[in-house]
Every structure is written in C-alpha cells, then in structure tokens.
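Trainee: Could you take me through one part of this model slowly, strand by strand, and then show me what lies around it? I would like a close look rather than a quick tour.

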Amino acid sequence: MEKKNTAQEEGASSYPSAAPLEFRNVVKQYPGSDTRAVDDLSFEVPAGEICVLVGPSGCGKTTAMRMVNRMIDITDGDILLDGKSVVDRNPPELRREIGYVIQQIGLFPHQTIAQNIATVPKLLGWDKDRIGTRVDELLDLVSLPNDMGSRYPGQLSGGQRQRIGVARALAADPPLMLMDEPFGAIDPINRERLQDEFLRLQAEIRKTIVFVTHDIDEAIKMGDRIAILREGGILAQYDTPDAILSRPADEFVAQFVGVDRGLKRLALSHLGEIELAASNGQPADTPRAKRDASLRDALSLMMASGHQQIVVVDDNDEAVGVASLELIAGVLKLPNGSVTAPKKKTASETGETAAP
Amino acid sequence: MHAMLAAGGPVIPSFGKSSSCVQDNGAFCFDWIRDNWDSTFQPALISHLKLTVIAVGIGFVLALGLALLAHQRRWLITPLTLVFATVFTIPSLALFQVLVPISGLTVLTAEIALVGYTLSILFANIITGLREVPAEVRDAARGMGLSDRQILFRVELPIALPAVMAGLRIATVTVISLATIATVITVQSLGGPIFEGIQNDFKTKYVAAGLLTVVLALVADGLLVITQRRLTPWARARRA
C-alpha cells in the first residue's frame, strides 16, 4: 500500500504527516453583533482522524473550521495544531501547511490541472522536478490519468474537478486538511462514490481532517468523531458516531440524528462483526448475504423476503453462520462500543484514540 | 488647410501630368495613391499610429492603476465609473475644442482627449474583469496561503485578462477612429487627407485615407485577438 511521497523528502514543514488539533474555549463574535457565532468551543481531534462538524445552518460549523487556518480571526480562546497555537502564526504561512478543500472547489480556471496541483509546492519554493514528480504521484493517488495534468479545469467533469481539489490540497503533504462540504455539489450517486473513494484514500494517507457538512448521514459515514453544533455555535455533543446514535446527549441531538437512529446505527456494523448462530439446515430459500453487508442491509433483506433469518456467507459463498432478527435487535441493546468499535480504519489501527 | 478651400474642380498638386483617373475624379486612383504615398499617406499613417499607440498605452497604464486602486478601495468604483462614463459621452469634436484654450493646438491636446476615451473604456472593463473572478477561486487562493499581492497578480489579473483584452480592442479601434478628428486641431493623422479630400472634392484622397484608417483598425484588432488567444489558451478550452 505504501506509495511514493515526494512531499516527505525534505519535509515541507516541521510537522509529521498528520498532527493533532485542539479547540480550546474558542469564541467567535463578529463586531457589532450581540450574539456569538461560535461559543466556547472545546474538543480535541487525535492525529489521523476525521472529525466532522455537523449541525443546522447558522450553527457556526463553517466559521469554526475557517478559524483553524485563520481565514476568520479568533475572538477568544485558542486553536492548537500539533500543540502550537495558530494565533501567533503568519496566516499565509500557516495556510500553506493546512490542506483546504471547499464545496465549489475553486480551481484556478486559467491554470492547467498540473499547475493547480502545484500551487502550494510552488509557494514553498520546491524545484521543478520535485513538483513534476509530486503532481504525477497525486494524480495517481486520486485515480486520474497523468495526461490530465495538461488539461484545464473547464474541460473536466464535476467529479474529476473534485478529485483535483483534493489532490491540490494534499500537494505539500499537510498534517491537517480542512474540508467544507466537499461533496455537497455532487449528485447523490457520484457523491457516494467520492465518499467511498475518499475513505479509502484516507485509510492510506491518514491525515487529520476537519470535515464540515449539514448532512448527518454523511457525518456518520465519514466521521471517526462527530461534533454536533447547535445554533449559536454551541457544542451539543462530541463523540463517535456509534455513541451519538446510541446515546444522544439531549433532545436536540436526538432530533438532529433522526428517529431512525437505530437503523443508522445498524448501518455502522457488518454481519462479520457480530457473533452469528450456527447454521443448521435453513430452508433453501433463506436469503444470503456476505459478511461485509451492513446489519441494516441484512435487516432490509429479511423484511423484503419475509424471513426471520439470513445465511451469512464468505467470499466463496460458503455459509459461515446465521443472523436472526433477534440477534440484530439484540445488537442495538448491547452497551455502546461493544459492536461497532473498529468502524473503519484509523482509530483502532493507529492506537492513538483514547477510550472515551 | 483653410487656404486650400477650392472653387470648382479638384486641386491637385501640380506635378505636371496627371492620369485620366485623377482628371475624372475617380474614387480610387491607384497611381495617384502610389505617387503620393511617401508625401501624404505614409507620414499621416505613421503619425496616426503614434497617436494611437501613445493614447492606448498611457490610457491602459492609468486605467490599470486606477482600477487596482478602486479594487482595493471599493468606494472609489462608483464615482470613477461616473466620471469616465461622462467623459465618454462628450463628442470628440467638442472635447478637442474645449482643450485647445488649455493646451493649445498641439499633439498634447489630442493625446489628452484620446487618453480620456481609452481610460473610460478600459477602466470599466478592468473593473468588470476583476469583479467577475469567482468568489470561490479567491477563497481557495487565500485558503492555500497566497498573499493578497499573489492573489492579485497570479489569480485575479490573469482571470480578468479576457475582459481587459476585450477593452483594449474596443479602445484601440475607437482611438484609431477618433484620431482622424485630431486634424481639426492641426495634429497630423489620417484625418488630414480625409478632410482635404472632402474639402477639395477629390475622391481618391479621402477614400484612400478612409480605407487606410479602416485597414489600420482591422489589423490592430486582429493583432490584439491573436495576442489574447496566446495569453489565454484556457478561455477557449471547454469540455468537448
């Protein structure tokens, strides 16, 4: 899985490839306004994790994200990147060390794709050869052909532009990425594909990521941790997706995640992760599902076929056990954390997540 | 030139023999144009070209400077736009005459007026070009760590270039056309042979000078189009 990474040769910055981020009592109040846009926001994002900021419009999630790279000034409190305050930094220099992806992408229409990707390396004064090599690496990383480098943004599809936006943000191998509704302007089918693609990419690059969205389903899918904000920029809950779905902190969170939060929670775990019953001569017409099918899909399959059971099979279509309706319902009753611990990748593998 | 007011037939410099085309006051007597190229048309053309290049050059520099200033201090945009829009409505004949008491019957007077027109056109176009830079492009540039100066020179101005070039084309063609009027304040241009030809009712002279003005405008415009295509290959690159 190890890919070449020209950006790490000399180190664009003194940062490791991912750095922890901490919000410490952060406040944003615009001049002339009585109310705060962000109010006493505190949370920590361990290195290499995706933290999703989610909430209704006007909850200050984008404002919170934009304070990290000083696009918006912090009124009070502090934000620490790798333990160092961002407040003392020269903003343009700080921003060159933080990847930045926005919904409308903002590719430079007058520059080729290669020039777009090379923006930050050029600002950092890399030599031509190193930039050229890095551009090719990044096009590979986002699964686009190298000859696309000579095209202009106007010649690309929306999905391709989005990938270039991510490649451009990753160019100098920043320890932190800020992503503001990066898939918000993409149609639902391609959005799902880009989300999956990005999660695979993240499993490889393991950046610390602050991801803003208004869509709770996207938050649950993308986040290692979710910060739910309410109007006035107040943190309602900061936890893993499973914990938020199983134990919403209050009525606001419960409403925001939706009455179907049980189903959403089932979507987080797979048949392969639960203890299955032994298979003993199920009727031939019992539906079958692979181990990597989600519990939600398994439930749906049972409902649709009118069965109370489902045969779980491995990649060779050999039965490995049986999941029943009671078994799946039981999963939701189990204390939080026992089922869905290794939701995706980074958290358990890097070992950097402290138990909640 | 008032001395040349003619009574009756065409007054032709008496170089002795003249062709039948000239004697018949033909619309386009090539032999006469060829014979008088060095004495009449070439100097007028060169002078016309100089007037144009200087006016557009100075006008461009001033317009760019003012547009960049107004780009930073937004409140300047409205008053400047108003002033230039007003300047542009003044008839050139009147503008030249208004300036004569101040700067005399000089090239300077002609240039002041022509620069004024260039400025009016270019300022509006540069401001529009800068305004049309998409907000998300500016935001991405800032978010990646470009300084304000880098954003201006690497992002905003290049993206505004098609609008700037469009302005340059309009300004250049306008100035080439208006420069003929500079003749009324005795400044040499292709307007000279046009006025003389009309006053003397000598068709070849004003037709040739008029055509030369048109050709000059077309060539200048063509060169600017080629320059624009070279400078902005991205503007034509669209998804097939």
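Mentor: Gladly; what follows starts with one strand of chain A, then turns to a sheet, the contact between the chains and a helix pair in chain B. Please keep in mind that this is a predicted model.

Let us begin with β9(A), which spans residues 225–230. This strand is mostly covered, with 5 of its 6 residues buried. Two strands can be followed from here. One is β3(A), residues 50–54, which runs parallel to β9(A) and is joined to it by 4 bridges. If you want a pair to find on screen, look for Leu53(A), whose bridge partner in β9(A) is Ala227(A). The other is β10(A), residues 234–239, which runs antiparallel to β9(A), with 5 bridges between the two. Here Ile228(A) has Gln237(A) in β10(A) as its bridge partner. β9(A) and β10(A) also make a hairpin, with 3 residues between them. In that turn, do stop at Gly232(A): its phi is positive, about 90°.

Chain A also holds an open sheet of 4 strands, ordered β2-β1-β4-β5 and paired antiparallel. Its edges are β2(A), residues 38–45, and β5(A), residues 84–85, each of which pairs on one side only. Inside that order, β1(A), residues 21–28, and β4(A), residues 76–81, are linked by 5 bridges, and Leu21(A) stands opposite Leu81(A) of β4(A). Helix α1(A), residues 61–68, packs on this sheet and touches β1, β2 and β4 of chain A. The direction of α1(A) makes about 120° with that of β1(A).

Now for the contact between the chains, where 20 residues of chain A meet 18 residues of chain B. On the chain A side, α2 (91–96), β6 (98–102) and α4 (119–123) each give two or more residues. The most come from α2(A), with 4 residues. Sorted by class, this side of chain A has 10 nonpolar, 7 polar and 3 charged residues.

Finally, within chain B, helix α2(B), residues 30–72, packs against α9(B), residues 203–231, at about 45° with the axes 11 Å apart. That angle is why α2(B) counts as oblique to α9(B). The crossing of these two helices is right-handed. From α2(B), the residues in the contact include Trp32(B), Phe41(B) and His48(B), and those they meet in α9(B) include Thr204(B), Leu212(B) and Leu216(B). By class, the residues of this helix contact are 9 nonpolar and 2 polar, with no charged ones.

Note on methods: Residues are numbered from 1 along each chain as its sequence is written. Chains are lettered from A and ligands numbered from 1 in the order in which they are written. This is a predicted model: local features need pLDDT of at least 70, side-chain atom pairs count only at pLDDT 80 or more; totals for chains, interfaces and linings use all residues. Two residues are in contact if their C-beta atoms, placed from the backbone, lie within 7 Å. Ala, Val, Leu, Ile, Met, Phe, Trp, Tyr, Cys and Pro count as nonpolar, Asp, Glu, Lys and Arg as charged, and the others, Gly among them, as polar. Axes are lines fitted to C-alpha atoms, for helices over the stretch in contact, and angles run from 0 to 180 degrees between N-to-C directions. Angles under 35 degrees count as roughly parallel, over 145 as roughly antiparallel, 65 to 115 as roughly perpendicular and the rest as oblique. A crossing is left-handed if the near helix is turned anticlockwise from the far one by less than a right angle, and right-handed if clockwise. A residue is buried if 20 or more other C-beta atoms lie within 10 Å of its own, exposed if 12 or fewer, and partly exposed in between; C-beta atoms are placed from the backbone. Two strands pair if DSSP finds at least two bridges between them.
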